[in-house]
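Q: I have a new structure open on my screen and would like to learn how to read it. Could you walk me through it, feature by feature?

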Amino acid sequence: MIFCLGEFEFEALNVDELEKNYEYGIRSIERINNHNALISIAKANESIKISGKTLPLSKDKNTYLDTLKQMASQNKSYAMCSASGVYFGKFAILSISEKQSAFLEGSGFLTQSFELNLQRDFDE
């Protein structure tokens, strides 16, 4: 395990990339006869994108994403922690994208990639 979201554990073989995005709510306002003014209009925002692949022929079968889909359908936020115990905060699952390829007659797909979009829930 390299990190977990709730009870779901992400393994090193399944994760290709973890991307964190931070927005700080600073916007530019145009002013007449003057330079633009920068103002803070919102609190900070944090999102995470996880992209990876499943291993259907070894341990993942064709059901690796099922648990994440069930978690997302509950519309809840889940604690995210690293394997070393670092707490990232609570995150809601905004979307899950999956791509299946290399099909065999009667046995489903051989490769699957996915992208998981998470949003930090500061209210939890």
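A: Gladly! Let's begin with how the chain folds back on itself. Among contacts in the chain between residues at least 6 apart in sequence, 59% join residues at least 24 apart. Please keep in mind that this is a predicted model.

Q: What does the secondary structure of the chain come to?

A: The chain has one helix and nine strands. Following the sequence, you meet them in the pattern β-β-β-β-β-β-α-β-β-β.

Q: And how spread out is the chain, set against a compact globule?

A: A good way in is the radius of gyration. Here that radius is 19 Å, well over the 14 Å that the globule rule gives for 124 residues, so the chain is more spread out than a compact globule. You can set this beside the span of the C-alpha trace, about 70 × 30 × 25 Å along its principal axes.

Q: How much of the chain is buried, and what is the exposed surface made of?

A: Of the 124 residues in the chain, 27% are buried. The chain exposes about 8100 Å², and carbon and sulfur atoms supply 51% of that area.

Q: Let's turn to charges. How far apart are the mean positions of the positive and negative charges?

A: The chain has 13 positive and 17 negative charges, and their mean positions are 4 Å apart. That describes the charges as groups; for individual pairs, we look at salt bridges.

Q: What is the general idea there, and how many salt bridges does a search of the whole structure find?

A: Side chains of opposite charge can pair when their charged atoms come close. In this structure the search finds three salt bridges.

Q: Which residue forms a salt bridge with D16?

A: D16 pairs with K53, and their closest N and O atoms are 2.8 Å apart. D16 lies in strand β3 (residues 15-23) and K53 in strand β6 (residues 45-54), so this pair ties together parts that are 37 residues apart in sequence. As for exposure, K53 is partly exposed, with a relative accessible area of 30%.

Q: Which residue does R120 pair with?

A: R120 forms a salt bridge with E46, with 2.9 Å between the closest N and O atoms. This pair links distant parts of the chain: R120 is in strand β9 (residues 108-120) and E46 in strand β6, 74 residues apart.

Q: Is E46 buried or exposed?

A: E46 counts as buried, at 9% relative accessibility; the cut-off for that word is under 20%. Its partner R120 is partly exposed, with a relative accessible area of 23%.

Q: What else is E46 in contact with, leaving aside its neighbours within four places in sequence?

A: Besides R120, E46 is in contact with N21, Y22, F91, Q119 and F122.

Q: Which side chains meet in a salt bridge with an N to O distance of 2.5 Å?

A: Those are the side chains of E98 and K69. E98 lies in strand β8 (residues 87-104) and K69 in helix α1 (residues 66-73), so the pair ties together parts that are 29 residues apart in sequence. E98 is partly exposed, with a relative accessible area of 33%, and K69 is partly exposed too, at 35%.

Q: I also clicked on F103. Is F103 buried or exposed?

A: F103 is exposed, with a relative accessible area of 54%. You will find F103 in strand β8. Not counting residues up to four places away in sequence, F103 touches G108 and F109. For a sense of distance, the C-alpha atoms of F103 and L18 are separated by 27 Å, and these residues are 85 apart along the chain.

Q: Finally, how should I read a positive phi?

A: Most residues other than glycine have a negative phi. With that in mind, look at N33: N33 is not a glycine, yet has a positive phi of about 55 degrees. N75 has a positive phi of about 55 degrees as well, and is not a glycine either.

Q: Where do N33 and N75 lie?

A: N33 lies in the loop between β4 (26-29) and β5 (37-40), and counts as exposed at 80% relative accessibility. N75 is found in the loop between α1 and β7 (77-82), and counts as exposed at 70%.

How values were computed: Residues are numbered from 1 along each chain as its sequence is written. Side-chain values use heavy atoms; hydrogens and water are left out. A salt bridge is a side-chain nitrogen of Lys or Arg within 4 Å of a carboxyl oxygen of Asp or Glu. Helices (H or I, at least four residues) and strands (E, at least two) are DSSP runs, numbered from the N terminus. Buried means under 20% relative accessible area, exposed over 50%, partly exposed in between (1.4 Å probe, protein chains only). Contact means heavy atoms within 4.5 Å. The radius of gyration is taken over C-alpha atoms; the globule rule is 2.2 Å times the number of residues to the power 0.38. Accessible areas come from the Shrake-Rupley method with a 1.4 Å probe; for residues, only the protein chains shown count as cover. Lys and Arg count as positive and Asp and Glu as negative; His and the chain ends are not counted. The place of a charge is taken as NZ of Lys, CZ of Arg, CG of Asp or CD of Glu.
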